Every structure is written in structure tokens, then in C-alpha cells.
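Trainee: I have just opened this one and I don't know my way around yet. Could we go through it together, piece by piece?

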Amino acid sequence: MARNVGVSSRKHPKQGRSNDLVAAVLDAAVQVLTTEGERRFTTARVAGRAGVSVGSLYQYFPNKAAILFRLQADEWRRTVALLTSIMKDEAQPPLVRLRRLVHAFILSECEEAAVRRALADAAPLYRDAPEAIEAKAGSERLFRDFLAEILPHASEEQRHLSGDLIKRTLSDVGASFSETPREPAEINAYAEAMADMLCGYLERLHGAL
């Protein structure tokens with residue numbers, strides 16, 4: 001399904017004042033999503049929270065879908081940057097990197113749960129967007145390179161299966177766990193247990209090859 005052109009930004013800010021306006025709109029959008037949810041998310045509420053006119057907002061975002069898409073695109077970029085910074089850190093052993101990744105991912109899921117749920121509800125608007133495809137490809141490359149490092153004797157099929165299992169576990173379990181507000185100690189304990197499970201899985205797989 002092609003992406004609806006309405007989710008694209010109307011124009012890109014080129015001056016400091018314009019950048020500030022867009023930043024204020026995006027911050028306000030997060031606040032509205034967090035406090036009121038996606039169903040009550042409107043451009044009027046976002047503009048009001050940002051302290052700008054709806055007309056000013058429309059200069060950059062033609063509708064609420066465009067705001068949601070921008071938030072999601074920014075989230076994709078942050079996620080790929082997080083994966084890259086951890087998984088490419090060759091100063092750390094691979095399993096240490098995986099453990100760090102699990103902790104960072106679960107913490108992020110819990111801190112941004114409300115916004116993530118709203119963006120997930122709006123996903124059909126932009127799931128086939130080039131930005132989505134690029135983010136997915138970037139994530140897959142990182143996992144492919146990581147698993148080639150930790151499982152050098154595994155077949156491509158085995159690495160693909162392992163990568164898919166790790167990504168699905170992080171995504172699905174992280175989303176489920178973050179549905180309930182969590183205390184820091186609870187988040188840390190849960191992430192540590194998940195890291196133990198995934199690291200143990202890769203260690204056993206490595207030993208069997």
C-alpha cells in the first residue's frame with residue numbers, strides 16, 4: 001500500500017525561528033499524545049499546547065498525520081543511532097553489547113510507552129514510507145553484521161533466524177512490558193533477565209556450531 005502523500009511535511013524550516021516553531025510543535029505533540037492519547041490528538045490541541053496558531057502549524061504540517069509521521073521518522077532515526085552506537089562498539093565483547101542493547105531498549109520502551117502506542121495506532125499511514133524501509137534495512141544490516149561476528153560458523157539461514165528471534169523478542173516483549181508503568185528497579189531487573197536469556201541462547205548456539 002502506498003503512503004498517503006498527506007503524511008509528508010509541507011515544507012522544511014530554514015531559519016532559527018522556523019526551527020523553534022517546528023520543535024515547539026513536536027514537543028507539544030508528544031505532550032498531547034502522552035496526556036490525551038492518539039484518539040484525541042488533533043492539530044488544534046497541538047497548536048494550543050505549543051502556543052502557536054493553527055495556521056502557523058499548517059505551514060509545516062498539513063494535518064495530524066504529518067505530525068505523527070515526523071515523530072515516527074525521528075524515532076526511527078534515534079533507534080538506528082542507538083543500535084549503531086552499541087552494536088558497533090568493538091571495544092566491548094559482543095555479548096556485553098547485546099546486554100547493553102537490551103537494557104537501553106527496554107528503558108526506552110518504558111520511558112516513551114504512551115507515544116509509542118499512539119504511533120503504533122497510526123502506523124498504517126506510513127508503514128511503507130521510504131523512511132520506514134530505510135530504518136528497517138539499517139536495523140537488519142546491524143544485526144546481520146553483529147551475528148556474523150558472534151556466530152562466524154553459522155549459515156545465513158541460522159543467522160537470519162537468530163536475528164529475527166532477537167528483534168521480535170525485544171519488540172514484542174518490550175511493548176507488552178511497557179504497557180504498565182514501571183519503577184526503575186523493575187525495569188533493570190526485567191532487562192537483565194531478558195539479556196540473560198538472549199545471551200544464553202547465543203552462547204548455546206555458538207557452542208553447537
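Trainee: Let me start at a spot I clicked on: is Arg159 buried or exposed?

Mentor: Arg159 is buried, since its relative accessible area is 14%, and the cut-off for buried is under 20%. Please keep in mind throughout that this is a predicted model.

Trainee: And what does the side chain of Arg159 meet in a salt bridge?

Mentor: The partner is Glu156, and the N to O distance between the two side chains is 3.4 Å. Both residues belong to helix α8, which covers residues 156-177, and they sit three residues apart, about one turn of the helix. Glu156, for its part, is partly exposed, with a relative accessible area of 49%.

Trainee: Which residues do salt bridges with shared partners join into one network?

Mentor: That network consists of Glu36, Arg40, Arg45 and Arg49. Within it, Glu36 and Arg40 form a salt bridge whose closest N and O atoms are 3.1 Å apart. Glu36 is partly exposed at 27% relative accessibility, and Arg40 is also partly exposed, with a value of 44%.

Trainee: How many salt bridges turn up in the whole structure?

Mentor: A search of the whole structure gives 14 of them. Another one worth looking at is between Asp74 and Arg70, where the closest N and O atoms are 3.1 Å apart.

Trainee: Why are Asp74 and Arg70 separated by about one helical turn?

Mentor: They are about one turn apart because they lie four residues from each other in helix α4. Asp74 is buried, having a relative accessible area of 15%, whereas Arg70 is partly exposed at 26%.

Trainee: Staying in that helix, what about Glu75, is that buried or exposed?

Mentor: Glu75 is buried, with a relative accessible area of 7%, and the helix that holds it, α4, spans residues 64-87. If you set aside the neighbours within four places in sequence, Glu75 is in contact with Glu112 and Arg116.

Trainee: Let me zoom out for a moment. How many helices and strands does the chain have?

Mentor: The chain has nine helices and zero strands, so the pattern read along the sequence is simply α-α-α-α-α-α-α-α-α.

Trainee: What share of the residues is buried?

Mentor: Of the 209 residues in the chain, 39% are buried. As for how the chain folds back on itself, if you take the contacts between residues at least 6 apart in sequence, 72% of them join residues at least 24 apart.

Trainee: Can you show me a pair of helices, and at what angle do α5 and α9 pack?

Mentor: Helix α5, residues 94-111, and helix α9, residues 184-208, pack at an angle of about 145°, and their axes are 9 Å apart. The crossing of α5 past α9 is right-handed. On the α5 side the contact includes Leu95, Leu98, Val102 and Ile106, and on the α9 side it includes Ile187, Ala191, Met194 and Leu198. Sorted by class, the residues in this contact are 13 nonpolar, two polar and four charged.

Trainee: I can see cysteines there too. How many disulfides does the structure hold?

Mentor: The structure holds zero disulfides. Cys110 of α5 and Cys199 of α9 are both among the residues making the helix contact. Cys110 is buried at 19% relative accessibility, and Cys199 is buried as well, at 5%.

Trainee: Further along α9 there is a glycine, Gly207. Is Gly207 buried or exposed?

Mentor: Gly207 is exposed, with a relative accessible area of 62%. Its C-alpha atom is separated by 9.5 Å from that of Leu151, although the two residues are 56 apart along the chain.

Trainee: One last spot, then: where does Thr43 lie, and what is Thr43 in contact with outside its neighbours within four places in sequence?

Mentor: Thr43 lies in helix α2, which runs over residues 43-50. Leaving those neighbours aside, Thr43 is in contact with Leu57, Tyr58, Asn63, Lys64 and Ile67. Thr43 counts as buried because its relative accessibility is 12%, and the cut-off for buried is under 20%.

Technical notes. Residues numbered from 1 in each chain as written. Predicted model: local features only at pLDDT ≥ 70, side-chain atom pairs only at ≥ 80, totals over all residues. Heavy atoms only, no water. Helix = DSSP H or I, 4+ residues; strand = E, 2+ residues; numbered from the N terminus. Buried < 20%, exposed > 50% of the residue type's maximum accessible area, 1.4 Å probe, protein only. Contact = heavy atoms within 4.5 Å. Axes fitted to C-alpha atoms, helices over the stretch in contact; angles between N-to-C directions. Left-handed = near helix turned anticlockwise from the far one by under 90°. Nonpolar A, V, L, I, M, F, W, Y, C, P; charged D, E, K, R; others polar. Salt bridge = Lys/Arg side-chain N within 4 Å of Asp/Glu carboxyl O. Disulfide = S-S within 2.5 Å.
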